[in-house]
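This briefing sets out selected features of one protein model for a reader at the bench. The points are grouped by topic.

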Amino acid sequence: MSGLDPSKIHINQIVWPGTHDSATNKIGLRFVTRPFAQCQSLSIYKQLVLGTRVLDIRVNEDRRVCHGILATYNVDVVINDVKKFLSETQSEVIVLEIRTEFGHQDPPEFDKYLEEQLGDYLIHQDDHVFGKTIAELLPRRVVCVWKPRKSPAPKAGSALWSAGYLKDNWIDTDLPSTKFESNLKHLSEQPPVSSRNFFYRVENTVTPQADNPVLCVKPVTERIHIYARLFIAQCYSKGCADRLQIYSTDFIDGDFVDACVGLTYARVEGKA
């Protein structure tokens with residue numbers, strides 16, 4: 001975002017590069033359980049420096065980041081990396097999604113923890129945010145979506161955003177063609193970004209399945225990783241490019257970020 005004029009780029013024009021299971025770079029035991037749960041190899045800070053702007057964080061009742069039954073470092077590590085990155089930049093906006101992982105209980109008073117830690121960086125829940133420019137939001141730069149399992153959801157106007165503001169259609173498959181076509185179908189059913197007041201995420205990922213002999217994440221998800229740019233091209237071909245907003249991946253790299261940045265530039269310049 002630093003290469004764009006904050007007074008000209010609206011929140012709903014951005015194609016946000018995101019990561020799936022963002023804080024799994026050190027999950028489990030290396031060479032033992034890690035290959036079955038690791039979806040990113042970079043730290044949160046390094047992901048942000050690379051260009052990631054949407055983070056998907058899952059926590060357990062002890063405030064530790066987890067993926068299923070495997071847990072890793074305390075969520076403080078994530079928050080500290082986010083704050084470090086924000087302190088080094090001026091106009092970068094981040095969407096931070098934090099949810100209680102399936103099968104776990106909500107960490108106690110976690111909403112208060114997030115508000116205390118992120119403080120004045122937090123952009124408050126407001127439907128009008130989507131039509132605003134980055135300059136109109138500054139110095140606030142974090143949309144924090146908190147998705148508890150049983151605790152009360154954030155209320156309108158609060159410092160945190162409720163689950164309905166970040167939607168997706170998760171397709172659990174290890175087949176790239178199935179995921180690719182399903183992503184296109186669900187995206188085409190969404191309103192254009194210019195007329196909706198929520199974020200919609202497409203995940204360019206596939207997931208190991210129990211009936212497949214390959215159960216490690218990386219060799220499976222790499223089957224679809226190479227089609228990231230093709231998906232954007234197909235969005236144009238199918239007439240739904242104006243609906244693409246958050247685009248997430250496993251093991252994010254510079255080319256994936258560049259694809260999102262290129263489409264964002266084209267929108268701002270009126271070429272897309």
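Which residues lie nearest the centre of the largest pocket? In this predicted model, they are His 20, Asp 21, His 67, Trp 170 and Thr 207, within a lining of 21 residues. The points below describe this pocket, an enclosed cavity, the nonpolar cores, an annotated domain and several local backbone features.

**Largest pocket**

- The space in the largest pocket amounts to about 410 Å³.
- Its lining comprises 10 charged, 7 nonpolar and 4 polar residues.

**Cavity**

- Searching the whole structure yields 1 cavity of 30 Å³ or more, and the volume of the largest cavity is about 60 Å³.
- Two elements, α5 (176-188) and β8 (199-204), each give two or more residues to the lining of the largest cavity.
- Among the lining residues are Lys 179, Asn 183, His 186 and Leu 187, together with Tyr 200, Arg 201, Val 202 and Glu 203.
- The cavity lining also includes Asp 168, Asn 169, Trp 170 and Ile 171; Trp 170 is, in addition, one of the residues nearest the centre of the largest pocket.
- By class, 5 nonpolar, 3 polar and 4 charged residues line the largest cavity.

**Nonpolar cores**

- The largest nonpolar core contains 28 residues, and those touching the most other members are Ile 57, Val 78, Val 82, Leu 96 and Leu 114.
- Two or more residues of this core come from each of α1 (44-50), β2 (54-59), α2 (75-88), β5 (94-100), α3 (110-118) and β6.
- The helix α2 provides the largest share of this core, namely 6 residues.
- Apart from its neighbours within four places in sequence, Val 82 makes contact with Ile 44, Leu 48, Leu 55, Ile 94 and Leu 118.
- There is also a second, separate core of 21 residues, whose members include Val 15, Ala 228, Phe 231 and Leu 263.

**Annotated domain**

- An unreviewed UniProt entry lists residues 5-147 as "domain: Phosphatidylinositol-specific phospholipase C X".
- Across residues 5-147, helix accounts for 24% of the chain and strand for 22%.
- The C-alpha atoms at the two ends of this stretch are 32 Å apart.

**Backbone features in loops**

- The peptide bond between Leu 138 and Pro 139 is cis, with omega of about 10°.
- Pro 139 is located in the loop that runs between α4 (134-137) and β6.
- Glu 109 is not a glycine, yet its phi is positive, at about 50°.
- This residue, Glu 109, sits in the loop between β5 and α3, and its relative accessible area of 53% is over the 50% cut-off, so Glu 109 counts as exposed.
- Phe 251 likewise has a positive phi, near 45°, in a residue other than glycine.
- The loop between β9 (246-249) and α8 (254-268) holds Phe 251, which counts as buried because its relative accessible area of 12% is under 20%.

**Loop between β6 and β7**

- Ala 156 is found in the loop between β6 (142-147) and β7 (166-168).
- Is Ala 156 buried or exposed? Ala 156 is exposed, because its relative accessible area is 73%, and the cut-off for exposed is over 50%.
- Ala 156 and Gln 125 are separated by 31 residues in sequence, while their C-alpha atoms are 5.8 Å apart in space.

Definitions and conventions: Residues are numbered from 1 along each chain as its sequence is written. This is a predicted model: local features need pLDDT of at least 70, side-chain atom pairs count only at pLDDT 80 or more; totals for chains, interfaces and linings use all residues. Side-chain values use heavy atoms; hydrogens and water are left out. On a 1 Å grid over the protein atoms alone, a cavity is a set of points where a 1.4 Å probe fits but cannot get out, and a pocket is an open set with protein on both sides within 12 Å along at least five of seven lines; lining residues have an atom within 4 Å of a point. Grid points are joined across faces, edges and corners, and a volume is the space filled by probe spheres set on the points. Ala, Val, Leu, Ile, Met, Phe, Trp, Tyr, Cys and Pro count as nonpolar, Asp, Glu, Lys and Arg as charged, and the others, Gly among them, as polar. UniProt positions are given in the numbering used here, feature names are shortened, and annotations may be inferred rather than shown by experiment. Helices (H or I, at least four residues) and strands (E, at least two) are DSSP runs, numbered from the N terminus. Buried means under 20% relative accessible area, exposed over 50%, partly exposed in between (1.4 Å probe, protein chains only). A nonpolar core is a set of buried Ala, Val, Leu, Ile, Met, Phe, Trp, Tyr and Cys residues joined through side-chain atoms within 4.5 Å. Contact means heavy atoms within 4.5 Å.
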